[in-house]
Amino acid sequence: MISRRALLASMAAAAACPAWAKPELVIAEAPFTPDTVVDMARTLAQSAYEPVPQIPQEWLDLTYDQFAHIWFDPRNGIWVDEDRPLKMDLFNAGLYVPRPAQVNLVEDGMAKTLGFDINLFDTTDEFPDLPIGDTMGYSGFRLRAALNRPDIFEEFVVFQGASYFRAIGNGQTYGLSARGLALRTGDPNGEEFPDFTKFWIEAAKPGDTEYVVHALLDGPSTTGAYTFRIGHGDVGESTVMEVDATLFPRVDLMHVGVGPLTSMFLFDETNRNRFDDFRPAVHDSEGLLILNGNGEKIWRPLANPTRVQVSSFTDMDPQGFGLMQRNRTADDYADLEAHYESRPSLWITPKDGWGKGVVELVEIPADKEIYDNIVAYWRPSEPLMTGSEHRFSYTMAWGDEPTGLPEVARVTNTRVGKGFDQVKTVFAIDFTDHPDLPDDLDEVSLTIRSNTGEISPGILQRNPGTGGVRLAFSLLPGDAQAVEMRAQMHVNGTPVSEVWLYRWTI
């Protein structure tokens, strides 16, 4: 029989050891190098796709409210009791995530695989007693760091579900998401969602400011190896990810999206009349920004169409693209709970030249703000063929507007509505001011074009409400179902504004 003293000593040792660090939680251990994931993805691509087994059905049958009654106990956080600049919490699979992801911790060249432990989580008395089984696991994880105070570790990155992940700049709230890969987005035969099936998170050492996550992508059409090098900034600064991805197609990938972004756009001044809502705008992102290979800066306001629409912007070696949230005051949204003014923009900077292709924008009808209905990505012009290897590297900046872009007047708002005659459609585009804009705006050359319909001459005026300028014109579409438009300002032949692009539809 165990003595009382030995029992107390055992209890004290258990209390001192965080739940995640208990030996029984580590179910496997193996050497690890950055090439481990690449080799694994290459080998996996040579065999038929075998999906990870689903978790017990009872976990998938939970309602949203029931699922809210279980959560990770932060006291059981990975590395929470260690002197490290990075902490990690886990999410349990279930509800919308039917297949778990393997989580590995990497230190000193060794990877330790974590088994699932329900004791890492806390629940209310209303949470049902559910089976665990051999297939139960984690749906993902979140990273925490000392963003503003050395004693408080705040969440700034989440990886969870399929190949989705998201981040925020310091001081922001979550909004748009990203994915490892997009396949056949918007295609009539449906989209494919490959999964990050395994993660390796490197243990950060004291003084580290960059945190490294590796991920294995697997799906019916391709495998892939990803490395994310993640660094957060001070208040008001971006969270930056350096991404290296190597793809190994199982089939010829005819429609692939690299650096895909997913967001929500419900309404703003372009389609406000369709929504009976007290708020002036509801969106996580309001526009697609592109810096093409020729250095042209393009702004395309987002739309919530009545039917799916796809826009393609042909380019060669794009310098960057992303979904932006430009309006940053609370009055722009009048929502004291959602705080859309603090949602991050996300800017993609390609490395090593991506060649010829298109920035593709897919806009899907939505009637509620709970739906992500916007997708943007780079689509290479050449298919990725079976048996080949393809490497893409890029930087992701989660925060405010990207820096280092051409200094031209930016579009701050686009307003659309019927004119006084209730026949023509009026467009009012607000730009910021620019040092090269002359006092006499008659000296500014206006380029306003459409692919069909009739466009009126533009009127350029100072806007005392914004301190910038407003360009207004009208469209008479005739019998057209859709009209593509372009507008820009020039002074002495030099662009002084972004290129404004817009697709009007009935």
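Me: How many salt bridges does the count come to here?

Reply: The count comes to 34, where a salt bridge is a side-chain nitrogen of Lys or Arg within 4 Å of a carboxyl oxygen of Asp or Glu. Bear in mind that this is a predicted model, where local features need pLDDT of at least 70 and side-chain atom pairs count only at pLDDT 80 or more, while totals for chains, interfaces and linings use all residues. Residues are numbered from 1 along each chain as its sequence is written, and side-chain values use heavy atoms, with hydrogens and water left out.

Me: What makes Glu 82 and Arg 84 a salt bridge?

Reply: Their side chains meet at 2.6 Å, N to O, and that falls within the 4 Å limit, so the pair qualifies. Side chains of opposite charge can pair when their charged atoms come close.

Me: Why is Arg 84 called buried or exposed, and what about Glu 82?

Reply: Buried means under 20% relative accessible area, exposed over 50%, and partly exposed in between (1.4 Å probe, protein chains only). Arg 84 has 12%, so it counts as buried; Glu 82, at 30%, is partly exposed.

Me: Which other residue, in strand β4, forms a salt bridge with Arg 84?

Reply: That's Glu 107, with the closest N and O atoms 2.6 Å apart. Glu 107 lies in β4 (residues 102–107) and Arg 84 in the loop between β2 (70–72) and β3 (86–92), so the pair ties together parts 23 residues apart in sequence. Strands here are DSSP runs (E, at least two residues), as helices are (H or I, at least four), numbered from the N terminus. Glu 107 has a relative accessible area of 34%, so it is partly exposed.

Me: How do you know that Glu 369 and Arg 279 tie together parts apart in sequence?

Reply: They form a salt bridge, closest N and O atoms 2.7 Å apart. Glu 369 sits in the loop between β24 (356–363) and β25 (374–380), and Arg 279 in the loop between β17 (265–267) and β18 (282–283), so the linked parts are 90 residues apart. Arg 279, at 7%, is buried, while Glu 369, at 27%, is partly exposed.

Me: What makes the Arg 343 and Asp 284 side chains a polar contact?

Reply: A polar contact is a pair of N or O atoms within 3.5 Å; within protein, one must be able to donate a hydrogen and the other to accept it, and residues adjacent in sequence count only if both atoms are side-chain atoms. This pair is at 2.6 Å, which means the distance passes. The backbone oxygen of Ala 338 also lies 2.7 Å from a polar atom of the Arg 343 side chain. Arg 343 has 11% relative accessibility, so it is buried, in the loop between β22 (320–324) and β23 (345–350).

Me: Why are β31 and β32 called paired strands?

Reply: Two strands pair if DSSP finds at least two bridges between them. β31 (residues 459–463) and β32 (residues 468–476) have 5 bridges in the antiparallel sense, so they qualify. Ile 459 is bridged to Ala 472 in β32.

Me: What makes a group of residues a nonpolar core, and how many residues has the largest one?

Reply: A nonpolar core is a set of buried Ala, Val, Leu, Ile, Met, Phe, Trp, Tyr and Cys residues joined through side-chain atoms within 4.5 Å. The largest has 86 residues; among those with the most contacts inside it are Tyr 226 and Phe 228. Strand β7 (residues 138–149) gives the largest share, 5 residues. A second, separate core of 30 residues includes Trp 299 and Tyr 502.
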